[in-house]
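Visitor: I should like to take a close look at a single part of this structure. Please guide me through it step by step.

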Amino acid sequence: MIEKTGIVDTLEERQPYITRKQEKGQEIPLACDNNSLAGAISQRACVYSGARVVLNPVTDAVHLVHGPIGCAGYTWDIRGAKSSGVETNRSSFSTDMKEIDVVFGGEKKLSNAIDELAGIYRPPVIFVYSTCIVGIIGDDLEAVCKTASKKHNIPVIPVKSEGFKGNKSDGYKAACNALKQLIKRPEKKTVEKKSEIRSESKKPDIKHSKIEKMEIKKPKINILGDFNVAGDVWLVKPLFEKMGIEVIVSMTGDSTAESISRAAEADLNLVQCSGSMTYLAKWMQQEYGIPYQTVSFFGIEDISIALRETAEYFGSEEMKKKAEKILEAETNRIMPEISRVRESIKGKKAAIYMGGPAKALTLIKGFAELGMEVVIIGTQTGKKEDYEQISYSVRDGTVIVDDANPLELADLLVKQKADLMVAGVKERFIAYKLGVAFCDFNHDRVVEFEGFDGFVNFAKEVDASINSPVWKAVRQRTLNPEPLEPKKTMVESGQEKATIKEEVSEKPYSKKCKGLAPKPEFLHSGQDAVVESEV
Amino acid sequence: MTKRNYATVNPCVMCQPMGSALAFKGIENTMILYHGSQGCSTYMRLHLAHHFREPVDIASSSLSEKGAVYGGRENLKKGLRNVINRYRPKVIGVATTCLAETIGDDVPAIIREFKEEEGIGDNPEKDIIIIPVSTPSYGESHVSGYIKSLDAIVRKFTEKPESPEKPKIPEDTEIMDYMENMEIMGYTDILEKEKARESMGNAKSPGMKKEAPYPIKTSNGKLNIIPVESVSPADVREMKEILAQTAGGYIFLPDISDTFDAPLRDHLPKIAPGGTPLSEIADMPDSRASLGLGVVSTNLAVKYLETSHGVPGHNVPIPIGLSNTDLFFMELVRILGCPIPEKYQKERGRLLDAMVDVHKYLYGVKAAVYGDPDTVFSLTTFMLELGMNPVLVTTGSKSRNFEKRIKQIFEEIRPELEPVVLDGIDFDSLKDAVKECSPEILIGNSNGRYIARALDIPLVRVGLPIHDRVGAQRILTVGYRGALELLDRITNIILEATDTFTAPVQPESEIYAGNGAENEYAEELQ
């Protein structure tokens, strides 16, 4: 029986987006990949945010936001993507449109701004993002960018990211379209080789194609969908280098305009963030015949799969041996710490709410390796195939939710009795207030989570949060000293009745606050009340 | 200086809807909804969550392409409906974003339609109150958004039912421009004007007793307090305490001391409890007087209460520092005729004591400050009192009155100093200015930390947002106690930066280094 309603109290229109995992093999009745519901306070942002998260890590580019000050202001340096070179991307550039620009058009201001910035910073590329207003007033971004490009002799690439034109996934596409314009066609001889591969792979979504042993030329790959948050990709590249593979560029973590332009020289693309980068990988396969595989670099199992499949693709025995050696050495190195953490947290329950499905999937495995089970899993932008995969990987009884909002998440955390939540900063304080430990897996984090060392960091952070003694203290929310005289009424914890025996203060405000308590509909409507967590 | 006229690099302001969020979240049982695309609400929630470390719920009407073409009427109504169903607020603030304004949605009309459809009347006791505010992000800055929202709130709760909805301020008037119409008054002038009004008031109604400085109508005996810029929850708590002990009855709008600094309790309520009670806002026209905090920008709410309801309004600077807090107290005395409690006299004494204790460490120390106009104004006054030398005084918002006010205060306290005063700047221009002035200390929000790092100058974090240190919601700067805390922070940072009290370097002995060396007297000592 498919239990569709009543998992958590929410709006009628939101019920199809929440479901519980039933027995295997059943069609998952989850609505997803739609526009967010007005007023439901979705955690998603807009198209511009999708484009920004994908493109922002390009380190030496000038990212110019054409619009009012807010869009650029709130996205200033929130990505946490690290750079080994210049950090031009950590400045926030905007044309700061004012009312007069909205009325008379902002094209002139934009072209002047581009001229100014090109002259001062001399970047190798400029990305120009459009915002909501630009879409409405009809500034012709392409024309302005084309002229500027000719004038300054660098690519000036417009990114069509008006906030209202779709949702975050459309932003990813816009960013990928921008990246496409940076990738240069490699020289003739490699193209011929690629055409051999193209004829072999008939179906466009084939993930695997064996080729003969490569010549002395070093095998090259790209990593798509790794944004080097907190230095993630720096823990992954060495693994490939030890195997004898050159990583040309990771899109877009720690990338430069120059390294992106060489991306088409690769033999294989490894796609980590499938939500954002599959579009680009598919295009590269069509255009340059470079096949792609979806991998993840989080968790021992997934890293092993990634390295082994890459070695398998290149078909070199030597590489396979090297891969096995690396895997064995690294796994043995980190096993003591992982085992120690597993002992202290096994059996605990985790809730996952991520932006994209790739990370959510890989986290299920990661938690399994740490001995924890997943009781809630959700994403902002997952699609049907992704949810099917998720549903396959989780246990029965897990709640699966798409595009959740704070009230639903709070209710679910309590109902499913989660001990730990993995999400971003908007969800962090909901978890904390409910007494649930938290691990920040979003763009804010400052610690690497990918690769072997990264997994140890993750395990340590989960351990630190779950086992911290603060939760013991949190269990008793209100201090209730024993009354000295028996006639004073004992106050129930948490209930703010008017008979509270506290000093009556003259402050009118606090009096009013207490007076409000008996009218629950203003504070929290009856059944919807979030009950105290049992953690 | 890098001359840039067109591009803004690293903005020093936030946009208008942010100001409205800060204002509406200070009223009891309120939700706020942005009419526009979803990104606006998500990003501002992120920003506020980083700063206050609290969950912040801001709804959005999630305008899509269809909405942009055909109008956002349906989205807005749906959004309102859903927010009401889930959160059951008493008040909903609807702030427009640049998208909604540009497509030309008539938000007040849509709200009226919505109320008719849902059967929501205008009875403030029973029905939900929906307050629209026009805050496109291409308008001035979050400061003006804050001021406009407070004005809209006060109007909504205090408009007389017979008269039709009063026309709002025309959108093309910049709030900062209002000052152009007013004469530039020094504080002494303000006080003289009040005295003149006082005698006029007494002359009009000679039968009134001379005790109360102002004629009280059917007054509730309370005092309205309305700041022009957002202060931290700790600041609000401090001011409320002061008012409770002096004014007795007061109405503080907006009160974020609980909504943005909620304790960890048994329930996680849908709407954070706290905020100015609605009944009190409705009661504002019957107060004795309104005290506006902030003199650089115009306080529209105070102005409205004065012109439409006859509540005398006074504006003092935000009470940061000795003389500004003194002014605050003196104004309270003047309006209410109450004594200054001994507790605050003592605190003032302690502040004086502290100022004397540290005066030599601070004299002539060059400082640069940036932030919101009125906060910067008050901070600058404080720094001048301490003997510091604010060489660079800047604000991100454009404000015509800012420079005049700052230069004025320098004239009064340290006329020999010549600061560089800039408004409407971004951080890149600030960096250039900082390079030229070479201050020893930087005061402002977290966004300036890259300048502090690049030029190796310590940063004292004040303002919004502060996301790279904890305790942003507990930073106290107002009142005598706030001045003490600020003074301590500034002085200690300078002492650390200059290493004034250098710690000794202990001589190292080989024996302790563990090289196997032994104390040659070891045997004798056994």
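Visitor: In which loop of chain B is the place of B:Asn10? Please begin there, and then continue through chain B.

Guide: The model before us is a predicted one. B:Asn10 has its place in the loop between strand S1 (8-9) and helix H1 (16-24) of chain B. The phi angle of B:Asn10 is positive, about 60°, although B:Asn10 is not a glycine. B:Asn10 counts as buried because its relative accessible area is 1%, and buried means under 20%.

A residue of chain A may be set beside it. A:Asn153 likewise is not a glycine and has a positive phi, near 60°. A:Asn153 belongs to the loop between helix H6 (141-152) and strand S5 (156-159) of chain A. With a relative accessibility of 69%, A:Asn153 is exposed, since that term applies over 50%.

We return to chain B, which is divided into domain 1 (14-156), domain 2 (221-260 + 270-338) and domain 3 (345-500). Let us consider strand S5 of chain B, residues 129-133, in which five of five residues are buried. In a regular strand, side chains alternate between the two faces of the sheet. In S5(B), one side carries B:Ile129, B:Ile131 and B:Val133, the other carries B:Ile130 and B:Pro132, and both faces are covered. Strand S4 of chain B, residues 91-96, runs parallel to S5(B) and is joined to S5(B) by five bridges. Opposite B:Val133 of S5(B) stands B:Ala95.

The loop between S5 and helix H7 (142-158) of chain B holds B:Thr135. B:Thr135 is buried because its relative accessibility is 0%. The side chain of B:Thr135 reaches the backbone oxygen of B:Thr96 at a distance of 3.0 Å. Beyond its neighbours within four places in sequence, B:Thr135 touches several residues, including B:Gln16, B:Pro17, B:Ser20, B:Ala95 and B:Gly145.

A further sheet of chain B is open and has four strands in the order S7-S6-S8-S9, with parallel pairing. Its edge strands, S7 (250-252) and S9 (313-316), each pair on one side only. On average, neighbouring strands of this sheet are turned by 20° against each other, direction ignored. Strand S6 of chain B, residues 223-227, pairs with S7(B) in the parallel sense over three bridges. B:Asn224 has B:Ile251 in S7(B) as its bridge partner.

Helix H13 of chain B lies across S6, S8 (289-293) and S9 of chain B, and H13(B) runs at about 170° to S8(B). H13(B), residues 322-336, also packs with helix H15 of chain B, residues 373-386, at an angle of about 115°, and the two axes are 7 Å apart. In this contact, B:Leu322, B:Ser323 and B:Asn324 of H13(B) meet B:Ser378, B:Thr381, B:Phe382 and B:Glu385 of H15(B). These residues divide into two nonpolar, four polar and one charged.

At the level of domains, the centres of domain 2 and domain 3 of chain B, taken over C-alpha atoms, are separated by 24 Å. Their contact takes 24 residues from domain 2 and 31 residues from domain 3.

One last place in chain B deserves attention. B:Leu464 and B:Pro465 are joined by a cis peptide bond with omega about 0°. B:Pro465 lies in the loop between strand S14 (459-461) and helix H19 (479-498) of chain B.

Notes:
Residues are numbered from 1 along each chain as its sequence is written. Chains are lettered from A and ligands numbered from 1 in the order in which they are written. This is a predicted model: local features need pLDDT of at least 70, side-chain atom pairs count only at pLDDT 80 or more; totals for chains, interfaces and linings use all residues. Side-chain values use heavy atoms; hydrogens and water are left out. Buried means under 20% relative accessible area, exposed over 50%, partly exposed in between (1.4 Å probe, protein chains only). Helices (H or I, at least four residues) and strands (E, at least two) are DSSP runs, numbered from the N terminus. Two strands pair if DSSP finds at least two bridges between them. Axes are lines fitted to C-alpha atoms, for helices over the stretch in contact, and angles run from 0 to 180 degrees between N-to-C directions. Contact means heavy atoms within 4.5 Å. Ala, Val, Leu, Ile, Met, Phe, Trp, Tyr, Cys and Pro count as nonpolar, Asp, Glu, Lys and Arg as charged, and the others, Gly among them, as polar. A polar contact is a pair of N or O atoms within 3.5 Å; within protein, one must be able to donate a hydrogen and the other to accept it, and residues adjacent in sequence count only if both atoms are side-chain atoms. Domain bounds come from an automatic or database domain assignment.
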